Structure formats: structure tokens, C-alpha cells
Amino acid sequence: MSAPALTPTPIPLTTIAELRQHHSQLVRLGLASHPAHARRLLSFLARDPDSHFPYAARLLAHHPDPHPALFNPLFSALPPRHAARLLALMLSLPLPPDHFTFPRLLPGAGPLHLVAQLHALLLKLGFHAHTQSLNALLAAYLTNDRPDLASRVFSGGGGGGALDVVSWTTMVGGLCKLGQVDGAREVFDAMPERNLVSWNAMMSGYVKAGRFTDSLEVFDEMRERGVEANGFVAATAVVACTGAGALARGREVHRWAERSGVEMDEKLATAVVDMYCKCGCVDEARCVFEALPAKGLTTWNCMIGGLAVHGRGEDAVELFGRMERESVAPDDVTLVNVLTACAHAGMVSEGRHYFDHIVQRYGIIPKMEHYGCMVDLYGRAGRLDEAKRVIDDMPMEPDVGVLGALFGACKIHGDVDLGEAIGWRVIELEPQNSGRYVLLANLLATAGRWEDVARVRRLMDGRNVSKEAGRSVIEVDGEVCEFQCGSLRHPQAEEVYAMANDMMRRIGAEGYVPDTRDVLHDIAEEEKETPLLYHSEKLAIAFGLLRTRPGDTMRITKNLRVCRDCHEATKFVSRVFEREIVVRDRNRFHHFKDGKCSCKDYW
DNA sequence: ATAGGGTTAG
């Protein structure tokens with residue numbers, strides 16, 4: 001159309017006055033309808049639709065040659081209400097929607113009734129077999145928690161041959177997000193064709209459902225079929241290994257990714273670093289980290305956090321210093337991790353120092369989490385008064401998490417009075433959280449207040465709060481073996497129990513004394529009288545002694561926190577059997593070696 | 001139109 005020479009000098013379009021001026025200039029030059037200029041005008045209006053919608057509508061209504069391309073980009077930029085008004089305008093011109101209209105409109109359509117209206121319009125206008133429109137419709141129903149409606153569209157589209165691999169993958173991913181991972185698997189199994197996105201969607205669906213082994217099985221199947229993976233799939237597989245606590249498999253996936261020439265981008269690298277950290281190999285994580293050419297903020301956070309949960313406070317603080325020197329700006333997560341590192345390593349004054357400079361030096365406004373870390377920092381160190389003062393002085397109402405940190409500190413340091421007061425409070429704030437009842441019961445038990453212990457138990461029973469069963473996994477020869485507290489389900493159960501008995505007898509001879517102070521354990525209700533011997537980590541350790549070679553490090557991942565007795569017993573096992581044992585519990589890592597633990601009994 | 005990473009307190 002018009003030559004660029006006639007284009008008016010671009011002026012900043014930041015106010016409505018400038019916009020009007022610009023517009024009138026375009027009109028004078030006869031350029032107002034030129035697609036590029038019109039789009040520029042319209043995109044400005046999309047930024048503040050509330051005040052400028054009428055202006056945009058006039059512009060579009062009076063356009064000499066309206067085209068869907070003028071409307072479509074606005075549909076994805078406007079909130080649902082304005083998009084609907086714009087659609088009404090479009091239809092009134094009348095200007096029929098094209099192939100881009102529904103895919104732009106549907107993702108932001110919002111509430112179900114709008115999606116249903118678009119659905120009806122889509123059918124009326126004859127888009128019933130248009131794949132991209134149908135796919136957008138599927139996604140819209142799925143995000144509105146209506147897999148039933150999505151399925152209906154899906155089955156209807158199947159007959160007409162209008163579905164493609166994206167439609168199937170949308171169903172798989174959408175069902176996974178709604179927690180229907182088994183349903184997703186059925187769709188996945190029936191797919192006529194899969195691409196890497198489909199494989200990854202299924203794998204990550206299992207990961208989100210906590211079904212790491214299933215995820216890795218899908219990954220194996222993918223490889224068996226000779227499908228070449230990419231970084232997405234590799235990252236998901238690595239995350240699955242992280243969740244499963246499967247170090248050997250994680251290493252294998254890592255090597256395989258390197259071999260197959262998958263690019264180690266920031267996300268994949270971070271997943272790998274995290275995998276090594278969470279599988280107990282913080283040094284290996286550090287090697288991967290150091291070898292990275294460029295490290296993103298998340299990667300730094302991950303490495304610092306990894307050092308923190310391994311109790312390596314000095315290293316974490318040092319790495320944070322290097323991050324500063326390399327001018328990588330920390331975020332709130334970084335500071336949480338640094339404070340956690342200080343808390344877990346007993347570095348109270350360092351932690352205080354970072355917190356004091358959090359605003360001025362790091363430009364971070366302390367959030368609830370940071371106050372929680374400070375409570376934890378003082379609490380773990382036994383400085384309960386100062387922990388309490390943090391809570392009293394914080395600018396917001398402490399949430400249950402912050403109070404929980406103080407409560408935990410009371411348990412560690414046996415402050416029954418304060419602990420009881422806070423304990424009841426956190427229980428009432430989160431009545432379904434079984435761990436809080438257990439902690440309070442155990443705290444009261446240390447004071448010999450058996451009637452109150454029974455009261456806590458009854459309260460739990462009355463509210464139908466069930467405790468999570470203790471589970472520990474240990475990886476042997478690349479196989480992940482799980483043990484449940486008191487359960488005899490393992491194929492080698494008899495042998496394992498015999499070994500566990502023998503193990504306890506041997507450490508008993510070396511001075512181990514069972515610690516029965518914790519009367520309630522985080523185990524299933526019907527198993528609460530299970531002897532300490534049958535705690536899942538003892539079974540896992542016994543199994544490890546049976547199945548790994550002398551001198552091998554045993555790595556155990558546990559779903560709950562390790563109890564006092566298991567902690568003590570594991571210290572003895574590490575000395576008597578001359579084994580390094582790394583236990584990852586709900587909160588942190590314990591490295592047992594020569595009868596000592598890296599947490600310095602401070603957890 | 002479908003896909004991947006980190007965070008404290010029990």
C-alpha cells in the first residue's frame with residue numbers, strides 16, 4: 001500500500017492524548033486503515049481496555065476494509081469480558097471469524113458459560129472439523145475442570161478425523177492436571193501417534209502425581225521404541241529420579257542425555273543439579289554446577305539450597321558470596337536458602353547478619369518465609385526467647401508455618417510449656433495435619449504427662465486424622481526397593497527381619513540403647529504399637545546390609561522425618577558395620593559415618 | 001493448540 005516514506009515519525013503512544021494525535025495524523029495522511037498502523041493503535045488500546053474500549057471499537061467499526069486479522073490478536077490480549085464485546089462487534093459488521101479466531105479466543109475465555117457459548121458459535125459457523133479450534137476447545141473445557149465436556153468434544157471429533165496428535169496430548173496433559181492420571185494413561189495408550197510432547201506429558205503427569213516409578217517406566221518404553229528424546233523429556237526423567245530417590249537411574253539418565261547430544265540448557269542443568277543434591281550426592285551436584293558455562297538464578301538457588309539441606313552451611317554461605325561477586329541478583333528464594341543453611345548449621349550470627357541486610361543490600365522485602373527461617377534459626381539453637389521475639393515483632397500475623405517452626409524448636413529443646421501453648425494453636429489452625437498431633441504427644445510424653453498424651457490421641461481419632469505410614473526406599477543395583485513400617489510385604493521379608501534383628505543385637509552389644517521417648521510415631525494408626533525395630537528405615541538399612549557390598553554407601557529416602565531412635569541406631573550401624581549411610585528425610589539429609597551424623601544431632 | 005527446573009517451619 002503506502003510507501004514507508006509517508007509514515008509519520010513514530011511518537012511514543014503512552015497516553016490517550018498521544019494516541020488521538022497520532023490517529024488524526026494517520027487519518028490526514030490517509031493511513032489510518034493501513035494494517036500495520038491500525039494494529040499499533042489497537043495494541044495500545046488492549047493495554048487498558050477498560051478506559052479505551054469504545055475508542056478501539058469505533059476504529060474497528062469504521063475501518064473501510066475490516067479483516068479478522070485485525071481482531072484476532074486482540075482476542076488473545078483482552079480479558080474475557082472485552083473479548084466477548086469485541087466478538088459481538090465483529091459479528092455485527094458482519095465479519096465472520098476465521099481459523100485463528102477460536103484458537104485466540106478460547107484460551108482466555110474464562111468461565112465455563114463463555115466457553116460453552118463459543119463452542120455453540122464454533123459449531124454454527126462450521127468449525128466442527130477444524131483441528132486447531134477443537135484443540136483450543138478441549139483445552140478450555142479441561143482448564144474449567146470439565147473433562148466430561150472435553151471428552152465429548154474429543155469423541156465427536158474422532159469420528160470426523162479432525163483430531164491430531166495435539167488433541168490427544170491436550171487430553172493427556174489436561175487429565176493429568178486434573179489429577180486423573182490413570183484416565184490420562186488410558187488416552188495415552190490409545191494414541192494412534194505420539195510425539196515427544198505426548199511422551200513428556202504422560203511422564204510429567206506421573207511425576208506430579210508422585211508416581212515416579214510409573215513415570216520412569218513410560219520413559220523406558222519410549223526409549224525401547226527408539227524415540228530420540230529432547231531436553232524436555234530428559235528433564236522430566238531426571239525429576240522422576242529425584243522424586244524416587246533413584247541415584248543410579250538419575251546418573252544413567254544424565255549420562256544418556258549427554259550421550260544423545262541433548263542440549264544442557266538452564267532448566268535441564270538445574271534439574272540435574274537438584275537430582276544429585278536430593279539423591280544425597282551434593283558433591284556430584286557441585287561438579288555439575290561448576291561445569292556449567294552459564295548459571296541461572298534458579299540454578300544458584302538450587303545449589304545453595306542443596307548445600308543447606310546437607311548441613312553444609314559454610315559452603316552455602318560461601319557460594320552465596322560468589323553469587324554476589326558475580327553480580328547475580330538474589331531473589332527471595334535465595335535468601336530463604338541462605339537462612340536455611342545458617343539455621344541447619346547452627347550459624348546464628350551469620351543468619352542474623354543476612355537477615356539484617358536483606359532489604360538494604362539485597363533489595364528483598366522479607367516475606368513470611370524469611371521470618372519462618374529466623375524463627376527456625378533461633379529455635380534450633382535453643383534461643384527460644386529470641387525466636388518468640390521474631391514472631392512478636394514481625395509486621396504480619398504469623399502463619400501456621402512460622403508458628404510450626406517455633407513449635408518444632410520447643411520439641412527439640414523440650415520446652416513443654418511454650419510448646420504446649422503453641423502446639424494446640426497450630427493443631428487448631430491445621431486440624432488435618434497429623435504431624436502436629438504426633439509432635440505434641442511426643443512433647444507431652446517427655447514430661448511424663450500420659451493423660452494428656454492420651455487426650456491428643458483421642459482428639460486425633462475423633463477427628464479421623466490418620467497418620468501417614470512411614471516408608472523408606474533404598475536403591476540396590478539400580479532397583480528401587482520400598483519398605484513400609486511394620487509391613488511384611490517385601491519378597492525377602494523373612495531374611496530382612498532376621499537381618500534387622502541381628503543388626504540391632506550387634507549394635508546393642510556395642511552400646512546402643514533403644515530410645516523410646518517418642519511414644520507416637522509417624523506411622524499408620526493400626527501400627528502405632530509396632531516396635532521400633534520395624535521402622536521402615538531400619539528395614540531398609542537391614543536390606544541394604546544384605547544386598548550391597550561392604551564399603552558401599554547406602555542411600556535411603558524416607559517420606560517422614562527420621563525418629564530419634566532410628567537416628568541413634570543408624571549412627572551405631574555406621575560405626576559397627578563400617579558403612580556410610582545417607583538418609584534423606586522429609587526435611588534434610590543425614591550423613592552417618594563412624595558413629596556420627598552430619599546434622600550433629602541437630603535436626 | 002500440547003511439554004521441563006528451585007524455596008523454610010512439623
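V473 stands opposite T557 in β3, within the antiparallel pairing of β1 and β3, which extends over 3 bridges. The model described here is predicted. This briefing treats the sheet around β1, then the helix α5, and finally some residues with notable backbone geometry.

**The sheet as a whole**

- The sheet is open and is formed by 6 strands, arranged in the order β2-β1-β3-β4-β5-β6.
- The pairing of the strands in this sheet is mixed.
- The edges are occupied by β2 (479–484) and β6, and each of these has a single partner strand, so one side of each is left without a neighbour in the sheet.

**Strand β1 and its partners**

- On one side, β1 pairs with β2 in the antiparallel sense, over 6 bridges.
- Within this pairing, V476 stands opposite E479 in β2, and the bridge partner of E475 is V480 in β2.
- A hairpin is formed by β1 and β2, with 2 residues between the strands.
- One residue in the turn, D477, has a positive phi of about 50°.
- The pairing of β1 with β3 is also antiparallel, over 3 bridges.
- In a regular strand, side chains alternate between the two faces of the sheet.

**Cover over the sheet**

- Helix α29 (residues 536–547) lies across β1, β2, β3 (554–558) and β4 (581–584).
- The helix α29 runs at about 15° to β1.
- Strand β1 is mostly covered, as 5 of its 6 residues are buried.

**Helix α5**

- Helix α5 (80–92) has 13 residues, which at 1.5 Å a residue should span 18 Å; the C-alpha atoms at its ends are 18 Å apart, so the expected and modelled spans agree.
- The buried residues of α5 are H82, A83, L86, L87, L89 and M90.
- Seen down the axis of α5, these buried residues fall within an arc of 160°, and therefore they line one face of the helix.
- On the other side of α5, R81 and S92 are exposed.
- The elements that cover the buried residues of α5 include α3 (49–61), α4 (68–77), α6 and α7 (112–124).

**A cis peptide bond after α5**

- The peptide bond that joins L93 and P94 is cis, with omega at about -5°.
- The residue P94 is found in the loop between α5 (80–92) and α6 (101–105).

**Positive phi in loop residues other than glycine**

- N464 is a residue other than glycine with a positive phi, near 60°.
- The place of N464 is in the loop between α27 (450–462) and β1 (471–476).
- With a relative accessible area of 66%, N464 is exposed, because this value is over the 50% cut-off.
- D594 is likewise a residue other than glycine with a positive phi, in this case near 50°.
- The loop that holds D594 lies between β5 (589–593) and β6 (596–597).
- The relative accessible area of D594 is 53%, which is over 50%, so D594 is counted as exposed.

Terms used
Residues numbered from 1 in each chain as written. Chains lettered and ligands numbered in written order. Predicted model: local features only at pLDDT ≥ 70, side-chain atom pairs only at ≥ 80, totals over all residues. Heavy atoms only, no water. Helix = DSSP H or I, 4+ residues; strand = E, 2+ residues; numbered from the N terminus. Buried < 20%, exposed > 50% of the residue type's maximum accessible area, 1.4 Å probe, protein only. Expected span 1.5 Å × (residues − 1). Arc of directions from axis to C-beta. Contact = heavy atoms within 4.5 Å. Pairing = 2+ DSSP bridges. Axes fitted to C-alpha atoms, helices over the stretch in contact; angles between N-to-C directions.
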